[in-house]
Number of protein chains: 8
Amino acid sequence: ARRGYPEAVYCEGKTPDQVGSIAAAVRARPDVVTLFTRAGPGHAEAVRRELPDAHHDTDAALLAWPPEPPAPTGGLVVVVAAGTSDLPVAREALQTARYLGRPTELVVDVGVAGLHRVLGRLDLLRRARAVVVAAGMDGALPSVVAGLVAVPVVALPTSVGYGAAFGGLAPLLAMLNACAPGVAVVNIDNGYGAGHLAAQIAAHIAAPPPAGER
Amino acid sequence: ARRGYPEAVYCEGKTPDQVGSIAAAVRARPDVVTLFTRAGPGHAEAVRRELPDAHHDTDAALLAWPPEPPAPTGGLVVVVAAGTSDLPVAREALQTARYLGRPTELVVDVGVAGLHRVLGRLDLLRRARAVVVAAGMDGALPSVVAGLVAVPVVALPTSVGYGAAFGGLAPLLAMLNACAPGVAVVNIDNGYGAGHLAAQIAAHIAAPPPAGER
Amino acid sequence: ARRGYPEAVYCEGKTPDQVGSIAAAVRARPDVVTLFTRAGPGHAEAVRRELPDAHHDTDAALLAWPPEPPAPTGGLVVVVAAGTSDLPVAREALQTARYLGRPTELVVDVGVAGLHRVLGRLDLLRRARAVVVAAGMDGALPSVVAGLVAVPVVALPTSVGYGAAFGGLAPLLAMLNACAPGVAVVNIDNGYGAGHLAAQIAAHIAAPPPAGER
Amino acid sequence: ARRGYPEAVYCEGKTPDQVGSIAAAVRARPDVVTLFTRAGPGHAEAVRRELPDAHHDTDAALLAWPPEPPAPTGGLVVVVAAGTSDLPVAREALQTARYLGRPTELVVDVGVAGLHRVLGRLDLLRRARAVVVAAGMDGALPSVVAGLVAVPVVALPTSVGYGAAFGGLAPLLAMLNACAPGVAVVNIDNGYGAGHLAAQIAAHIAAPPPAGER
Amino acid sequence: ARRGYPEAVYCEGKTPDQVGSIAAAVRARPDVVTLFTRAGPGHAEAVRRELPDAHHDTDAALLAWPPEPPAPTGGLVVVVAAGTSDLPVAREALQTARYLGRPTELVVDVGVAGLHRVLGRLDLLRRARAVVVAAGMDGALPSVVAGLVAVPVVALPTSVGYGAAFGGLAPLLAMLNACAPGVAVVNIDNGYGAGHLAAQIAAHIAAPPPAGER
Amino acid sequence: ARRGYPEAVYCEGKTPDQVGSIAAAVRARPDVVTLFTRAGPGHAEAVRRELPDAHHDTDAALLAWPPEPPAPTGGLVVVVAAGTSDLPVAREALQTARYLGRPTELVVDVGVAGLHRVLGRLDLLRRARAVVVAAGMDGALPSVVAGLVAVPVVALPTSVGYGAAFGGLAPLLAMLNACAPGVAVVNIDNGYGAGHLAAQIAAHIAAPPPAGER
Amino acid sequence: ARRGYPEAVYCEGKTPDQVGSIAAAVRARPDVVTLFTRAGPGHAEAVRRELPDAHHDTDAALLAWPPEPPAPTGGLVVVVAAGTSDLPVAREALQTARYLGRPTELVVDVGVAGLHRVLGRLDLLRRARAVVVAAGMDGALPSVVAGLVAVPVVALPTSVGYGAAFGGLAPLLAMLNACAPGVAVVNIDNGYGAGHLAAQIAAHIAAPPPAGER
Amino acid sequence: ARRGYPEAVYCEGKTPDQVGSIAAAVRARPDVVTLFTRAGPGHAEAVRRELPDAHHDTDAALLAWPPEPPAPTGGLVVVVAAGTSDLPVAREALQTARYLGRPTELVVDVGVAGLHRVLGRLDLLRRARAVVVAAGMDGALPSVVAGLVAVPVVALPTSVGYGAAFGGLAPLLAMLNACAPGVAVVNIDNGYGAGHLAAQIAAHIAAPPPAGER
Ligand SMILES: Nc1ncnc2c1ncn2[C@@H]1O[C@H](COP(=O)(O)O)[C@@H](O)[C@H]1O
Ligand SMILES: Nc1ncnc2c1ncn2[C@@H]1O[C@H](COP(=O)(O)O)[C@@H](O)[C@H]1O
Ligand SMILES: Nc1ncnc2c1ncn2[C@@H]1O[C@H](COP(=O)(O)O)[C@@H](O)[C@H]1O
Ligand SMILES: Nc1ncnc2c1ncn2[C@@H]1O[C@H](COP(=O)(O)O)[C@@H](O)[C@H]1O
Ligand SMILES: [Mg+2]
Ligand SMILES: [Mg+2]
Ligand SMILES: [Mg+2]
Ligand SMILES: [Mg+2]
Ligand SMILES: [Mg+2]
Ligand SMILES: [Mg+2]
Ligand SMILES: [Mg+2]
Ligand SMILES: [Mg+2]
């Protein structure tokens with residue numbers, strides 16, 4: 001694993017055959033976690049042919065091998081999806097953090113149009129050492145969450161939306177201009193990058209931030 | 001007045017002399033309210049020379065004559081400024097609605113990074129027949145407000161911010177992608193347009209929306 | 001229904017199965033109108049299997065259940081389509097306003113290249129409490145209509161056009177820069193949002209605007 | 001003169017001294033009309049020092065020498081300015097066409113928000129062999145005019161407007177997407193180019209288009 | 001025919017059935033030329049079923065009925081395609097001008113990378129009353145042609161190219177910034193618009209421009 | 001201080017008088033660190049008049065009061081400036097992290113065009129718990145640094161550069177597309193935001209990451 | 001061959017039949033190398049039917065005939081692919097340079113996230129007379145390579161990446177802003193153009209640059 | 001000098017004092033050529049105070065010391081300016097190439113609107129080993145020149161132009177899409193980069209390309 005981290009294989013743009021060959025080579029290194037991201041059905045089949053016990057999260061379009069993630073260390077990573085359409089990208093982030101060895105929790109469908117939903121999850125959010133917030137359309141949720149917690153918020157813009165969302169440009173710009181400090185932006189739909197960053201932030205620490213800081 | 005509305009004179013790009021001539025001509029029509037918008041100090045002086053009793057809101061860079069707005073009719077227009085930097089544009093909206101004859105209220109510094117502030121003004125917001133929300137940077141506030149009230153929200157993006165705010169483009173796109181329905185977007189920094197639209201929406205009605213609808 | 005409004009299910013990006021499950025759940029709540037928007041043939045079939053009497057407007061790619069809209073209250077909403085290609089988006093706006101409980105009328109093919117056509121419908125336009133104008137290409141029609149009526153115009157840019165229309169960007173920018181006041185812009189192809197906004201504007205009022213105001 | 005046309009000296013970005021030297025050289029060629037465009041006060045003074053009888057249109061920021069335009073030949077060029085802010089650019093177009101030898105007429109302040117104004121000038125517009133329409137903001141006027149006349153309309157976007165006008169981009173895109181055929185677009189604020197094109201179109205013809213074609 | 005011009009039916013985005021119904025209605029008006037543009041194989045079949053003798057230019061994806069164009073009047077329209085990939089769009093322009101009643105000529109594959117090719121067609125180009133130049137990629141050809149002829153050049157950007165051509169944006173911007181005067185720009189791939197404009201420019205004149213003007 | 005963090009006053013767009021009033025009010029709260037960012041000479045003078053012992057970092061255009069930062073806790077924050085022109089923004093980040101209570105180090109002029117320079121500082125970089133990398137132009141340095149260290153890299157694009165740097169857009173996009181994981185992007189020139197985020201990441205931990213992880 | 005160079009046939013956008021006809025015509029000119037670029041399976045089959053011994057590089061989607069490249073002359077061209085996804089475009093560049101008569105070498109998977117990989121190939125890179133660097137995402141590699149060699153670097157942005165890579169725009173801008181001098185940028189995915197340019201640079205010279213210059 | 005090349009000091013964004021200090025330090029290294037680029041009058045004065053015999057090219061806003069360029073070696077670099085407004089940037093390129101040790105020639109005012117001008121300089125152009133072409137507006141000249149010569153053309157877009165030139169974006173895109181191979185693009189207004197690249201291309205060769213290749 002590059003720098004002690006899991007190896008990641010980005011399947012999009014590779015043929016199932018190419019992915020299969022990589023999976024075959026991976027079998028020789030059970031000490032390193034390998035993630036296959038953006039894996040379509042054909043890719044998944046090719047991986048499972050070589051690594052039959054690989055874990056497959058179909059929603060996240062991700063496979064992991066060996067199937068068991070490391071025992072969780074470091075602080076909690078909470079992954080938030082603004083809407084159900086943001087779920088695939090959010091789950092990619094969550095699985096990445098989990099296979100990098102962090103404890104993780106998922107929160108879904110807490111868009112800013114219904115504030116009570118995000119406010120209802122404040123306890124969980126405040127237990128986190130890093131929060132990933134996946135949102136498309138107006139990308140407003142990371143600003144709101146960053147105002148509610150004292151730890152870094154990884155803002156993950158998604159291409160959910162149409163028209164003037166311009167494939168995720170609208171939430172990306174909104175997140176770069178978040179009016180609360182402590183927001184770390186990653187590329188559009190880059191669940192893997194968001195999960196990796198959150199796992200790095202939450203590494204080497206177990207305790208929640210002290211209450212006084214909130 | 002065009003279609004019964006006040007006449008508006010956009011001063012930017014006109015010389016003080018040109019504005020002064022228009023002001024002189026206006027004096028003959030005290031039955032129509034005339035607004036001078038985007039009026040710098042030189043413009044203001046030129047207007048006051050011809051119309052000494054004109055009302056001058058220096059924050060809004062706007063003058064109005066005759067100085068007294070019409071007696072308020074229709075529903076309440078609440079104008080919200082996310083931050084203090086959004087105040088000039090917000091005040092331009094407020095004055096426009098006021099001189100079109102609506103009752104108005106102003107709410108300042110209720111950005112989404114501190115949700116308690118906007119939640120603390122919910123009673124006022126829910127008395128409105130139309131709400132104007134001026135915000136720059138991430139432009140997240142109109143989505144939040146539209147989720148809290150049942151009446152139309154006029155989203156007014158401002159050029160407040162820097163870098164990837166791109167002169168107001170970031171909040172403009174966010175507002176066009178607002179995840180709550182009932183959001184009406186106007187041009188960047190267009191306080192006059194926002195106030196005019198809100199006044200049109202709130203015309204011909206006095207009662208607040210029935211409680212059941214919230 | 002959130003805040004007394006109909007519930008909306010955005011089908012694009014959902015599988016027919018997912019939509020079918022939502023439809024099954026909806027059956028238990030006949031007191032709330034549910035709209036299924038952007039419903040392809042597969043989605044429609046899935047809805048009809050669970051809610052056989054759902055109303056299906058194929059042009060608008062929309063289903064509604066219960067099939068009967070509420071008895072109309074509030075002011076008239078007129079929906080204008082600049083060209084026949086703007087019709088699907090325009091009909092989505094119209095159905096949304098209708099199922100939110102407004103009386104509605106449709107006007108088609110009145111582009112600015114033939115002014116007599118829009119001028120010929122002036123009587124109807126002036127009876128409206130809110131006008132939705134759907135237009136692609138140069139997006140010029142909302143400016144023209146807003147100059148002809150005293151009530152708010154909801155400008156609905158469509159992705160109709162090619163080349164430098166850039167997927168609706170050209171009409172979107174034109175509408176944001178409308179040279180007549182009283183124009184409320186929504187996202188490209190967002191018929192649902194336009195109809196919802198118009199219905200909110202026209203709520204709680206039955207009388208047309210007084211003649212003197214025009 | 002290049003190809004029999006007047007010579008044009010673009011002053012912006014040149015020092016008054018450089019422009020003065022060109023003016024001195026021009027004196028030797030009274031058979032060719034020379035236009036000095038985008039001439040600030042300093043440029044104008046430098047030209048007048050060398051060519052004291054040069055014609056100076058301060059609104060258009062243009063000087064011409066010899067001061068007398070050629071006797072008009074070809075068809076009528078009508079130049080239309082949507083608003084008074086478009087006037088400088090419109091006048092640059094008009095003077096260019098005039099010094100290329102066309103008969104010209106100017107029409108001002110006929111924006112689409114008040115259709116009666118442009119409809120009131122229909123007779124003049126229909127006498128033209130080419131119409132230049134200068135407009136900023138929503139750039140809607142060329143579409144409307146092109147629908148009213150049978151001859152080419154030169155659409156001249158101006159940088160008038162703010163916010164999402166993006167320095168003339170909004171009207172430029174609108175004009176490129178004009179929904180009436182017969183619209184020829186030039187660069188933003190390019191009055192010289194618009195006037196030159198219109199003069200080329202109207203050359204070698206005197207008669208108005210036959211009535212039957214409208 | 002709108003204003004004496006042929007009627008145009010834009011097939012893209014219409015079903016073959018819809019196009020067939022229009023074709024059936026057209027049959028009653030043989031006095032007007034009708035053009036079906038952007039017609040795919042299905043559209044073409046639907047038209048031919050109703051109007052079996054319609055002329056079909058498959059390269060231009062255009063059908064015309066009645067099949068015979070009017071007897072040519074006015075000046076010559078020369079249509080130039082920079083490369084063979086620009087040919088479909090160029091032919092659409094040519095057919096449009098031809099069915100509007102102009103004499104036309106086509107020149108192909110004269111890109112600026114081999115100047116001798118365009119210089120070799122100078123005689124033909126100088127006989128034109130209007131020249132349409134279709135070009136993608138760097139969009140350099142209209143500037144070159146406009147420097148060689150004294151009549152208007154209609155610059156027709158095409159979406160030919162890739163990468164930083166951005167779907168025709170690169171040649172569009174180049175053409176708007178053409179360094180020779182007399183260039184009229186139309187929308188990307190808008191062969192119909194270019195041909196229509198050229199036909200309007202060349203109407204009512206038969207003689208070539210006098211030699212002295214070149 | 002909002003949430004236990006220092007209070008920040010953004011001076012740009014405020015008058016010296018307004019900043020002076022805030023400084024006067026601040027005097028009553030010596031328990032909270034207040035930062036005045038983007039402070040021009042006039043702003044600085046106004047602050048110093050009220051808070052004579054405020055610390056003034058002229059390069060960073062920042063003042064802090066009380067002048068002494070908190071005793072450092074948490075992990076080391078290393079701030080890297082690719083070139084000397086990136087120094088002001090880098091220093092703003094450094095001071096922000098320092099006044100939030102982190103130990104900090106600065107590394108200057110280690111652009112990727114001379115790799116030996118950044119490689120020569122590897123020991124220091126690997127002692128950090130968070131690294132801020134400020135870079136303009138091609139924005140390549142964060143990718144390189146993220147490949148060399150195991151902790152999060154806060155990528156801070158600057159508006160240094162010209163032409164196709166488009167005010168920082170080029171490095172912003174490069175950083176969002178960093179080919180190494182663990183990169184957190186903030187807004188262009190947003191030194192305050194970068195320092196704040198790095199300080200949050202490095203809070204509550206003192207030990208460097210274990211050697212095995214590199 | 002145009003100017004002594006190979007003839008290139010761009011297959012994308014041509015039918016297999018059209019490409020086949022060109023291949024048939026080519027058979028008569030074995031003295032000129034012809035390259036068929038961007039050739040899909042259908043195109044390749046059509047070429048092979050006419051020119052059965054044509055060389056087919058399936059990775060590069062390129063065919064060449066006659067199959068033997070000229071004997072290598074001039075300096076060495078090294079083609080570098082940052083990642084394996086950049087390989088097709090890199091190979092197109094390499095084959096183009098090879099069939100223009102240069103000696104060539106390929107270096108793969110040396111992205112900046114693992115500097116040791118590019119540093120490990122320094123000897124080869126410094127033997128080159130021109131280096132082509134193909135990279136997507138952050139486009140950082142050309143800056144790094146240009147800092148390591150004294151000869152020109154042809155920067156070849158690829159559309160590899162997603163989200164804010166915007167189809168290659170991000171690496172394109174990064175490369176145009178390369179912080180080391182000596183970088184020559186070509187269009188996105190334009191392997192043919194990069195190889196051609198490198199071959200021109202390396203023509204007429206065999207010796208490596210003298211050691212002192214590095 | 002970095003890698004044996006002259007040292008360059010980019011003055012824009014530095015104070016005269018800072019530039020003066022660099023100049024003082026430079027005095028100790030007469031063996032290396034130092035270029036001060038983008039030097040305003042204040043910068044120039046500061047340099048001359050320390051290095052009184054420095055060569056100052058005011059048009060290029062560049063100073064060089066020692067004043068004598070190296071004896072020319074390698075192939076000829078020809079720098080072409082499309083218009084007189086492109087001259088400052090073109091001269092910066094020329095001086096850079098000259099102080100890197102190449103023989104240089106300048107060609108001015110050969111825009112594509114008058115082809116005879118560039119064709120009249122063909123002999124000189126064909127003697128070059130590298131040609132720099134500076135052009136704004138439509139950026140068409142590099143395509144034309146690249147079609148006329150067999151050596152690399154360095155395309156140097158300038159910010160000359162207005163409106164839809166968008167600060168050099170239009171010529172930049174045109175040059176990236178040049179329809180002749182052999183075009184190397186650099187950043188907008190980057191005369192230094194263009195001259196440096198051309199000098200690298202033309203290094204180590206004296207002979208002109210053999211005649212047969214043209
Ligand atoms: N056609 C539409 N266009 C835009 N937004 C829509 C549309 N239909 C539904 N919506 C919005 O999307 C929400 C439903 O999203 P979902 O929960 O994914 O079904 C609704 O509350 C509406 O605000
Ligand atoms: N106002 C203007 N806008 C655009 N182009 C102009 C203008 N005035 C002159 N030109 C063009 O610029 C050329 C003169 O440029 P120059 O040689 O720099 O003086 C003329 O041949 C015209 O084509
Ligand atoms: N240099 C800076 N860059 C970006 N944001 C800043 C900066 N300085 C302060 N801020 C933010 O702006 C807010 C202060 O804004 P204001 O209330 O206008 O003084 C702070 O809470 C910070 O979140
Ligand atoms: N006019 C210029 N345009 C672009 N880059 C330049 C220019 N002059 C100098 N440079 C680059 O900037 C570096 C010097 O920057 P600095 O260290 O800030 O003086 C040089 O090594 C060149 O690579
Ligand atoms: Mg926070
Ligand atoms: Mg609401
Ligand atoms: Mg109106
Ligand atoms: Mg017309
Ligand atoms: Mg011409
Ligand atoms: Mg790392
Ligand atoms: Mg180098
Ligand atoms: Mg060449």
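Two strands count as paired if DSSP finds at least two bridges between them. With that in hand, welcome to a set of close-up views of a predicted model.

**View 1. A pair of strands in chain E, seen bridge by bridge.**
Strand 2 (residues 34-37) of chain E and strand 4 (residues 62-65) of chain E run antiparallel and are joined by three bridges. To find your place in the ladder, start at Thr34(E), whose bridge partner in strand 4 of chain E is Trp65(E).

**View 2. The whole sheet of chain E and the helices packed on it.**
Step back from that pair and an open sheet of four strands appears, ordered 1-2-4-3 with mixed pairing. Which strands are at the edges? They are strand 1 (7-10) and strand 3 (55-57) of chain E, each pairing on one side only. On average, and ignoring direction, neighbouring strands of the sheet are turned by 15° against each other. Helix 2 (residues 41-50) of chain E packs on this sheet and touches strand 2, strand 3 and strand 4 of chain E. The direction of helix 2 makes about 15° with that of strand 4 of chain E. Helix 3 (residues 87-99) of chain E also packs on the sheet, again touching strand 2, strand 3 and strand 4 of chain E. For helix 3, the angle is given against strand 3 of chain E and comes to about 155°.

**View 3. Strand 4 of chain D with its partners on either side.**
Here we move to chain D, with strand 4 (residues 62-65) as the centre of attention. Leu62(D) and Ala64(D) point one way from this strand, Leu63(D) and Trp65(D) point the other way, and all are buried. Strand 2 (residues 34-37) of chain D pairs with strand 4 in the antiparallel sense over three bridges, and Thr34(D) stands opposite Trp65(D). Strand 3 (residues 55-57) of chain D is likewise antiparallel to strand 4 of chain D, with three bridges between them. In that ladder, Asp57(D) has Leu62(D) as its bridge partner. The hairpin of strand 3 and strand 4 of chain D has four residues between the strands, and Ala61(D) takes a positive phi near 55° there.

**View 4. Positive phi in chains A and C.**
For anyone checking backbone torsions, here are two residues other than glycine to look up. Phi of Arg38(A) is positive, near 50°, and this residue is found in the loop between strand 2 (34-37) and helix 2 (41-50) of chain A. Is Arg38(A) buried or exposed? Arg38(A) counts as buried because its relative accessible area is 17%, and the cut-off for that class is under 20%. In chain C, Ala61(C) has a positive phi near 55° and sits in the loop between strand 3 (55-57) and strand 4 (62-65). With 22% relative accessibility, Ala61(C) is classed as partly exposed.

**View 5. Cis peptide bonds in chains F and G.**
The peptide bond from Trp65(F) to Pro66(F) is cis, and its omega is near -5°. Pro66(F) belongs to the loop between strand 4 (62-65) and strand 5 (77-81) of chain F. In chain G, the bond from Trp65(G) to Pro66(G) is cis, with omega near -5°. Pro66(G) lies in the loop between strand 4 (62-65) and strand 5 (77-81) of chain G.

**View 6. Magnesium ions at chains A and B.**
What are the protein donors of the magnesium ion (ligand 5)? They are Ala146(A) (O) and Val149(A) (O), at 2.1 to 2.3 Å from the ion. Both Ala146(A) and Val149(A) are buried. The magnesium ion (ligand 6) is coordinated by Ala146(B) (O) and Val149(B) (O), at 2.1 to 2.2 Å. Ala146(B) is buried, at 2% relative accessibility, and Val149(B) is buried with a relative accessible area of 2%.

**View 7. The two domains of chain A.**
Chain A is divided into domain 1 (2-65) and domain 2 (77-213). Taken over C-alpha atoms, the centres of these domains are 25 Å apart. Their contact takes 13 residues from domain 1 and 13 residues from domain 2.

**View 8. Chains E and H about their axis.**
A turn of 180° with a shift of 0.0 Å along the axis lays chain E on chain H, with an RMSD of 0.0 Å. That is the relation of a two-fold axis. In chain E, the C-alpha nearest the axis belongs to Ala140(E), 2.4 Å from it. The same surface serves both copies, as 100% of the contact residues of chain E recur in chain H.

Methods:
Residues are numbered from 1 along each chain as its sequence is written. Chains are lettered from A and ligands numbered from 1 in the order in which they are written. This is a predicted model: local features need pLDDT of at least 70, side-chain atom pairs count only at pLDDT 80 or more; totals for chains, interfaces and linings use all residues. Side-chain values use heavy atoms; hydrogens and water are left out. Copies are superposed by least squares on the C-alpha atoms of residues with pLDDT of at least 70 in both. Contact means heavy atoms within 4.5 Å. Donors are N, O and S atoms within 2.8 Å of the metal (3.2 Å for Na, K and Ca); water is not among the atoms, so sites may look incomplete. Buried means under 20% relative accessible area, exposed over 50%, partly exposed in between (1.4 Å probe, protein chains only). Axes are lines fitted to C-alpha atoms, for helices over the stretch in contact, and angles run from 0 to 180 degrees between N-to-C directions. Domain bounds come from an automatic or database domain assignment.
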